[in-house]
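Let's take a walk through this protein together, from its strands to its core and its charged pairs. Have the structure open and follow along.

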Amino acid sequence: MHAVSLDAPYLDTDADQLCFSLDLTERPALAERVVPLGGLDVRLRLLGASHQVFAGPVRETVACLRGAVRGLPETRTRHLPGWDYEFGATTRVLPPEEFRAEAARVLGRATDAEHSLCGVFPGLPGAITAVVVEPAGGPHGTRLVWRTWHTYPQNGQIVSTCSRLEAR
């Protein structure tokens, strides 16, 4: 379990502002954790209501990025030397009671997970960003799966992503 109270204002205002990239270098992080899994040092980074995960050849960023095309892809696949990577994202809009229950479930899942990083924003109940990574044995050895959640309590949105990285 690794949860932190983020000492930063909650700046992202809507899930539609998020962008996706596999080509960015490190952005300023509010919290970071390195998790050794499957022979890789997986870097979990919280950038506010956004994240970066660096694992092997992947530099996944989901964040509000100036000048980038807004919106997350439903799916994305990339074949890298020796690796296959898949990404998927969904956004749900929930009524207030369901949102609070789902945000609490996400927070519980992230804090119970062995390999996670979860940031809680002060002053806005249910404003969290969480990353959970786990090994998932594959036929060729290393296979990792990570899931993220970005919550927007002001409009009841929860963005969920799921990524898979597998050695070929």
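In which sense do strand β4 and strand β5 pair, and over how many bridges? Before we get there, keep in mind that this is a predicted model. Now to the pair: β4 covers residues 40-46 and β5 covers residues 51-55, and the two run antiparallel, joined over 4 bridges. If you'd like a spot to look at, find leucine 46, whose bridge partner in β5 is histidine 51.

Those two strands belong to something wider. They sit in an open sheet of 5 strands with the order β2-β6-β5-β4-β3, and the pairing is antiparallel. At the edges you'll find β2 (19-21) and β3 (31-37), each of which pairs on one side only. On average, neighbouring strands of this sheet are turned by 10 degrees against each other, ignoring direction.

Now zoom out to the chain. It has 12 strands and 1 helix. Going from the N terminus, you pass eight strands, then the helix, then four more strands. Of the 168 residues, 50% count as buried. Take the contacts with a separation of 6 or more: 61% of them come from residues 24 or more positions apart. As for the outside, the accessible surface comes to about 8100 Å², and carbon and sulfur atoms own 51% of that.

What's on the inside? The largest nonpolar core has 32 residues, and the ones with the most contacts inside it are Val42, Leu44, Tyr85, Trp146 and Leu165. Several elements give two or more residues to this core, including β3, β4, β5, β8 (83-93) and β12 (157-167). There's also a second, separate core of 12 residues, with Leu94, Val106, Cys118 and Trp149 among them. Back in the largest core, tryptophan 146 is a good place to stop: leaving aside residues up to four places away in sequence, its contacts include Val53, Ala55, Tyr85, Val132 and Leu165.

On to the charges. A search of the whole structure turns up 11 salt bridges. One of them joins arginine 45 to glutamate 26, with the closest N and O atoms 3.9 Å apart. This pair links distant parts of the chain, since arginine 45 lies in strand β4 and glutamate 26 in the loop between β2 and β3, 19 residues apart. Are the two partners buried or exposed? Arginine 45 has 3% relative accessibility, so it counts as buried. Glutamate 26, at 45%, is partly exposed.

Another salt bridge brings together the side chains of glutamate 32 and arginine 43, at 2.7 Å from N to O. Here the link is between strand β3, home of glutamate 32, and strand β4, home of arginine 43, 11 residues apart. Glutamate 32 is partly exposed, at 36% relative accessibility.

The helix gets involved too. Arginine 92 forms a salt bridge with glutamate 102, the closest N and O atoms being 2.9 Å apart. That ties strand β8 to helix α1 (residues 96-112), with the partners 10 residues apart. Arginine 92 is partly exposed at 33% relative accessibility, while glutamate 102 counts as buried because its value is 14%, and the cut-off is 20%. Returning to the earlier pairs, salt bridges with shared partners join Glu26, Glu32, Arg43 and Arg45 into one network.

One last stop is alanine 127, in the loop between β9 (116-120) and β10 (128-135). Alanine 127 counts as buried, with 1% relative accessibility.

How values were computed: Residues are numbered from 1 along each chain as its sequence is written. This is a predicted model: local features need pLDDT of at least 70, side-chain atom pairs count only at pLDDT 80 or more; totals for chains, interfaces and linings use all residues. Side-chain values use heavy atoms; hydrogens and water are left out. Buried means under 20% relative accessible area, exposed over 50%, partly exposed in between (1.4 Å probe, protein chains only). Contact means heavy atoms within 4.5 Å. Accessible areas come from the Shrake-Rupley method with a 1.4 Å probe; for residues, only the protein chains shown count as cover. Two strands pair if DSSP finds at least two bridges between them. Axes are lines fitted to C-alpha atoms, for helices over the stretch in contact, and angles run from 0 to 180 degrees between N-to-C directions. A nonpolar core is a set of buried Ala, Val, Leu, Ile, Met, Phe, Trp, Tyr and Cys residues joined through side-chain atoms within 4.5 Å. A salt bridge is a side-chain nitrogen of Lys or Arg within 4 Å of a carboxyl oxygen of Asp or Glu.
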